[in-house]
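Q: I have a model open and would like to learn how to read its features one by one. Could you walk me through it?

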Amino acid sequence: MDWLRVGAFVLLIFYHVGFSFTPWGYQTPTRGVVAWAEIPLLGLSAWRLALLFAISGYASAALLKKDGNNRVFLKSRVLRLGIPLLFGLTVVVPPQPYMGLINSGYAHGYGYFLLHDAFSFRTVGYESLPATMHMWFVIYLLVYTLLLCFALMALPDAWRAKLQKAAERVLSGPALLPAGIGLIFLVRLIPYGWTDIHNLLQDRAAHLHYGGMFLFGFLLRGSVPIQQAIARQWKVALVLGIAGYAWVIRDSLLYPGNIPTPAAWEQPLSFAKSMQCWGTVIALFGIADRFWNFDSRWRVTLVEAVFPIYIAHQTVMVFVSYGLRDMGLTALPEFLTLCLTVAGGSWLFYLLGREIGPLRPLIGLKRHRTRKPVDEKEPALASIG
């Protein structure tokens, strides 16, 4: 699971950089739109966030087992997520909307922006402030964690056992793939429509989707039957995920860019994305168990670096993007330069932050460095039971 988490966040950097070259729009300047760039990004967009929330749920279950107490777990999660969230929203994120305002003619310096506009709760130019940007993910994760903790403390043990058995009954047999695809598709069909605007109070469908994936990951960590079902069915899931992606490509070729899909084809497209999402997530869990269940001297460092790199990566990308805009680069050199500099700058943010004790909690690290690497490995899905 550690390697899957690291891989997912590496893909996140490529996705955010690539987004700047699509017709979908972004807050950073670019050398122009690359017509085919949306094809590989559509290969990620249906499942990347679902996977991250599922992994987060899985990790939460492991941490809860380690802490051994709901209240201890709640306190640790609030500190480990809440402190970096506040630091990110007040220090790391503000340069992003500021650079956007500068690009649109904002005449004030950064100090004035921080004092008068950054936290004014109003719209300045085209920017709604204060901005959350990529830290929305941490906000949602913290909220889901709080709700989970309160539910665990409120529900009697007997109820929790019955809910777990009911979920296992559905997801540990032949219904694993059709049930997951069907539930995601139903979320996309709710009366208010699909929402994924990173607004905590308005993302109704997104909360059902991401919150559901978070709960699935939490359940998966302690469920031998579901783990065994994934070990048996991940190859079929991979085929379904690829088939869903093929339909998404077809739709993109017929209706590229911001051209809307005709109403008659919206539901087939939603079903294809649901199949792509669930099939790919299940396949990746199975692949990670089958091929990535090994240790390495880099594992502990890379896992520790994931959260700080996530905090820094988008702000680094904004600065680099504005620095490149007048250099006359074509799309490919700019894309490669962005990938290397964003990865390198984010890694440097982690390396510097981990060495400064007071900064460690601000970037999501424990206050004191771990002296010895953790040798304990997660059990393989196929070998349990």
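A: Happily! Let us begin with a term: a residue is called exposed when its relative accessible area is over 50%, buried when that is under 20%, and partly exposed in between. Please keep in mind that this is a predicted model.

Q: Then let me try the scale on a pair in helix H8: is aspartate 157 buried or exposed?

A: Aspartate 157 is exposed, because its relative accessible area is 62%. Arginine 160 has 28%, so this residue is partly exposed. The two side chains meet in a salt bridge, with 3.5 Å from N to O. Both residues lie in helix H8, 3 residues apart, which is about one turn of the helix.

Q: How do I recognise a salt bridge, and how many does the whole structure hold?

A: Look for a side-chain nitrogen of Lys or Arg within 4 Å of a carboxyl oxygen of Asp or Glu. A search of the whole structure gives 7 salt bridges. One of them joins the side chains of aspartate 2 and arginine 5, at 2.8 Å from N to O. These two are 3 residues apart in helix H1 (residues 2-19), so about one helical turn separates them. Arginine 5 counts as buried, because its relative accessibility is 15%.

Q: Which salt bridge does arginine 299 form?

A: Arginine 299 pairs with aspartate 295, and their closest N and O atoms are 2.6 Å apart. Salt bridges with shared partners join Asp2, Arg5, Asp295 and Arg299 into one network. Within that network, arginine 299 is buried at 9% relative accessibility, while aspartate 295 is partly exposed at 32%.

Q: Now for a whole helix. How does the span of H4 sit against the expected value?

A: The expected span is 1.5 Å times one less than the number of residues. Helix H4 (residues 70-92) has 23 residues, and its first and last C-alpha atoms are 31 Å apart, close to the expected 33 Å. At the start of H4, a side-chain oxygen of asparagine 69 comes within 2.8 Å of the backbone nitrogen of arginine 71.

Q: What do the buried residues of H4 pack against?

A: The buried residues of H4 include Phe73, Leu74, Leu81, Leu85 and Phe87. Their partners in packing are helices H3, H5, H7, H8, H13 and H14.

Q: H14 has come up, so what is serine 346 in contact with there?

A: Serine 346 sits in helix H14 and is buried, with a relative accessible area of 0%. Leaving aside neighbours within four places in sequence, serine 346 is in contact with Ile309, Ala312, His313 and Val316.

Q: And in the loops, where does serine 223 lie, and what does its side chain reach?

A: Serine 223 lies in the loop between H10 and helix H11 (224-254). This serine is buried too, at 0% relative accessible area. Its side chain reaches the backbone nitrogen of isoleucine 226 at 3.3 Å.

Q: Which residues make a nonpolar patch on the surface?

A: Leu183, Leu186 and Leu189 make a nonpolar surface patch of about 290 Å². Leucine 189 is placed in the loop between helices H9 and H10, and is partly exposed at 36% relative accessibility.

Q: One last try: how far apart are alanine 107 and phenylalanine 294?

A: They are 187 residues apart in sequence and 54 Å apart in space, C-alpha to C-alpha. Alanine 107 is in the loop between H5 and helix H6 (110-117) and is exposed, with a relative accessible area of 75%.

Definitions and conventions
Residues are numbered from 1 along each chain as its sequence is written. This is a predicted model: local features need pLDDT of at least 70, side-chain atom pairs count only at pLDDT 80 or more; totals for chains, interfaces and linings use all residues. Side-chain values use heavy atoms; hydrogens and water are left out. Patches are made of residues with over 30% relative accessible area and no salt bridge: like charges are joined within 9 Å, nonpolar side chains (Val, Leu, Ile, Met, Phe, Trp, Tyr) within 5 Å. Accessible areas come from the Shrake-Rupley method with a 1.4 Å probe; for residues, only the protein chains shown count as cover. Helices (H or I, at least four residues) and strands (E, at least two) are DSSP runs, numbered from the N terminus. Buried means under 20% relative accessible area, exposed over 50%, partly exposed in between (1.4 Å probe, protein chains only). Contact means heavy atoms within 4.5 Å. A polar contact is a pair of N or O atoms within 3.5 Å; within protein, one must be able to donate a hydrogen and the other to accept it, and residues adjacent in sequence count only if both atoms are side-chain atoms.
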